[in-house]
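Student: Hi! Could we go through this one together? I'd like to start with the vocabulary and then walk around the structure.

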Amino acid sequence: MNLQRVWEHPRITEATLTFLGNLFLPRLSHRLRWRTRLGPRGTALYVGAWVAFRVAFMWAASKLARIQEQARAELRAQLGREPTTADFHEYFQGHC
């Protein structure tokens, strides 16, 4: 097997970097694994916070997508055609 092809595999690269990080930076690797030392309550809080963050992010992204689609529809109505990217940027520069 070609050695170049072996290193292109992401899992081998990840495993090698993890091994070297644990070997040469043991204190840092210990600090980075803080989630493994949480108890049941800490794990529940961590998972709850992570889920809340993801839900908030998805809500904000969907709201921004709706605003963008409304602006695109308004611009489409003004121009009478499908707006280009340059039209869209020009439209937002005037409204911000």
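Tutor: Happy to. One term first: a residue is called buried when its relative accessible area is under 20%, exposed when it is over 50%, and partly exposed in between. Also keep in mind that this is a predicted model.

Student: Okay, so where does D87 sit, and is it buried or exposed?

Tutor: D87 lies in helix α5, which covers residues 85-95. Its relative accessibility is 18%, and the limit for buried is under 20%, so D87 counts as buried.

Student: Which residues does D87 touch, leaving out those up to four places away in sequence?

Tutor: With those left out, D87 touches L75, L79 and R81. With R81 there is also a salt bridge, and the closest N and O atoms are 2.9 Å apart. R81 itself is partly exposed, because its relative accessible area is 41%.

Student: Why would two side chains like that pair up?

Tutor: In general, side chains of opposite charge can pair when their charged atoms come close.

Student: How many salt bridges does the structure hold?

Tutor: It holds 3. R76 takes part in a bridge to E82, with the closest N and O atoms 3.0 Å apart. R76 also bridges to E69, where that distance is 3.9 Å. Then there is the D87 and R81 pair we just discussed. Through shared partners, E69, R76 and E82 are joined into one network.

Student: And how accessible are the residues of that network?

Tutor: R76 is partly exposed at 28% relative accessible area. E69 is partly exposed too, with 43%, and E82 has 49%, so E82 also counts as partly exposed.

Student: Switching topic: what about the overall fold? How many helices and strands are there?

Tutor: There are 5 helices and 0 strands, so to speak an α-α-α-α-α run from the N terminus on.

Student: What is the radius of gyration, and what would a compact globule of 96 residues have?

Tutor: The protein has 24 Å, whereas a compact globule of 96 residues would have a value near 12 Å. The C-alpha trace spans about 65 × 50 × 20 Å along its principal axes.

Student: What share of the residues is buried, then, and what about contacts between residues 24 or more positions apart?

Tutor: Of the 96 residues, 8% count as buried. Among contacts with a separation of 6 or more, residues 24 or more positions apart account for 0%.

Student: S29 caught my eye. Which helix is that in?

Tutor: S29 is found in helix α3, residues 26-32. S29 counts as buried because its relative accessibility is 9%. Leaving out residues up to four places away in sequence, S29 touches G21 and N22. T18 is 11 residues from S29 in sequence, and the two are 8.8 Å apart in space, C-alpha to C-alpha.

Student: Now the surface. Which residues form the nonpolar patch?

Tutor: W34, Y46, V47, W50, V51, F53, V55, F57 and M58 form it, with about 920 Å² of accessible area together. F57 is in helix α4, residues 40-79, and is exposed, with 54% relative accessible area. For the protein, the exposed area is about 8600 Å², and carbon and sulfur atoms supply 64% of it.

Student: Last one: which elements have the lowest and highest mean pLDDT?

Tutor: Helix α1, residues 3-8, has the lowest at 68, and α4 the highest at 95. The protein averages 89, and 92% of the residues score at least 70.

How values were computed:
Residues numbered from 1 in each chain as written. Predicted model: local features only at pLDDT ≥ 70, side-chain atom pairs only at ≥ 80, totals over all residues. Heavy atoms only, no water. Patch = residues over 30% accessible without salt bridge, like charges linked within 9 Å, V, L, I, M, F, W, Y side chains within 5 Å. Areas by Shrake-Rupley, 256 points an atom, 1.4 Å probe, with all protein chains shown as cover. Salt bridge = Lys/Arg side-chain N within 4 Å of Asp/Glu carboxyl O. Helix = DSSP H or I, 4+ residues; strand = E, 2+ residues; numbered from the N terminus. Buried < 20%, exposed > 50% of the residue type's maximum accessible area, 1.4 Å probe, protein only. Rg over C-alpha atoms; globule rule 2.2 N^0.38 Å. Contact = heavy atoms within 4.5 Å. pLDDT = per-residue confidence, 0-100.
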